[in-house]
Amino acid sequence: MEEIMKQFVEYPSDPYTSIAKWKENTKKKVIGIFPMWIPEEIIHAAGMLPVVMWRSNEAITWGYAHVPPYNCAINKSVVDDAVKGKLKFMDGMVFLRQCLQSQEVPFIVENNRPPAFEEYLYLPPIYHGDKASKDFTRDEFKRLRKRLEEFGGEKITDEKLNESINIYNKNRSLLRKLYDLRKEKPGILRGRDVLRIVWSSMLMPKEEHNKLLESLLSELEKNGYKPAKGKKVFLSGCLCIHPQLELLDMIEDLGMLVVDDDIYVGYRYFANDAEITDDPIGALMERHFIKTPVDPARGEVEVNWGKELIGKVKKLHADGIITLLTKYCPPHLCYYPDIKVELANAGIPEVLIEVEHEVISMESIKTRLQSFREMIGGH
Ligand code: SF4
């Protein structure tokens, strides 16, 4: 177990060095992708390694010459890392119109440290799934495929795409299996370990990650499980970034057990598969329009995040929800007041914790979490 966990921890502990080392060993290209919805499978089918861009642990310095402090953590961090040259091991970067705030990031990167390959996808910021949106999305994915073929000098056939989709589907299904196990046996793994397992999937080759996950699952099934005590909580939100590991430790140390989540470096990342068909680009496009978990950055009034959360909490018999709000994230902020009211009407206890970049006061968070713990049933 220890040996397996060590390997999951390696990439998230220092992604810059681990990925650069992988590149040096394999002589393959690395493509950074902006969260949350770039179809990584197309990059994988081009024989390159897609890595999801992350929030660094360093204080923002040069980045503030380009983005204001009231931008969210991922925008500030990616810009800061890029202008400092910390992402120069990436041969390319693919961005998308994730939200209004993130729209300027690719242009700042291009003006300061342009990578050898850069692409910007204009994916529809709505869920509709009408013919026009679907055709447009399909064309964007085809454009990415063509640009990668030109950059890599290799044709991305439908067969290669389906092979990649298969490998990615396997990874997603193994991660879902791990989450099912945690629902069944809360506390079987520390929250920080679950987070690092998902995060490492965003950084390392999926083939390697699949092997590690299979070994981990078989070890967990073999090992005995001593039921853990604690109030069951659901983590929601945290769009585009990973929360601090210390925050997850604090939740557990206060006597709560995370049983499920819809955070990005969590269930949101691996929730939905793409089908294997003779039209793999179409399958990736169809996956893009799946409406659950609800994504506020592609908001639509008929799609209700609050209702989805209520359903999940009831099914899990969870005691409450801890909302992790990526600070300065307008899509989440727009929906949060309505979600709060719906949860209150449904009698579901909830607490809001803001997740920032380097400025995070653990003491004030502890106080809020302590009160929440008392609310759902004190020690
Ligand atoms: S965290 Fe929110 S504001 Fe930041 S890029 Fe993601 S959706 Fe946009």
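Select strand 1 (residues 30–33) together with strand 2 in this predicted model: the two strands run parallel and are joined by 4 bridges. Within this pairing, isoleucine 31 has proline 50 of strand 2 as its bridge partner. Add helix 3 (residues 40–45) to the selection; strand 1, helix 3 and strand 2 form a right-handed β-α-β unit.

Next, keep strand 2 (residues 49–52) alone and display its side chains. In a regular strand, side chains alternate between the two faces of the sheet. Here Leu49 and Val51 point one way, while Pro50 and Val52 point the other way. Are these residues of strand 2 buried or exposed? All of them are buried.

Proceed to the ligand and select the 14 residues around it. Those that come nearest are Cys72, Cys99, Ser102, Cys240 and Cys329. Two elements, helix 4 (73–84) and helix 14 (330–345), give two or more residues to this shell. Colouring the shell by residue class shows 9 nonpolar and 5 polar residues, and no charged ones.

Now isolate helix 4. Its 12 residues should span 16 Å at 1.5 Å a residue, and the end C-alpha atoms are indeed 16 Å apart, so the two values agree. Because 11 of these 12 residues are buried, helix 4 is largely enclosed by the rest of the structure. The buried residues include Asn75, Lys76, Asp80 and Asp81, as well as Ile74 and Val78. To see what covers the buried residues, show helix 5 (105–112) and strand 7 (320–326), which are among the covering elements.

Finally, select glycine 85, which follows helix 4 and has a positive phi, near 85°.

Notes. Residues are numbered from 1 along each chain as its sequence is written. This is a predicted model: local features need pLDDT of at least 70, side-chain atom pairs count only at pLDDT 80 or more; totals for chains, interfaces and linings use all residues. A residue is near a molecule or strand if its C-beta atom, placed from the backbone, lies within 6 Å of it. Ala, Val, Leu, Ile, Met, Phe, Trp, Tyr, Cys and Pro count as nonpolar, Asp, Glu, Lys and Arg as charged, and the others, Gly among them, as polar. A residue is buried if 20 or more other C-beta atoms lie within 10 Å of its own, exposed if 12 or fewer, and partly exposed in between; C-beta atoms are placed from the backbone. Two strands pair if DSSP finds at least two bridges between them. A crossover is right-handed if, with the strands pointing away from the viewer, the path from the first strand over the helix to the second runs clockwise. The expected span of a helix is 1.5 Å times one less than its number of residues. Two residues are in contact if their C-beta atoms, placed from the backbone, lie within 7 Å.
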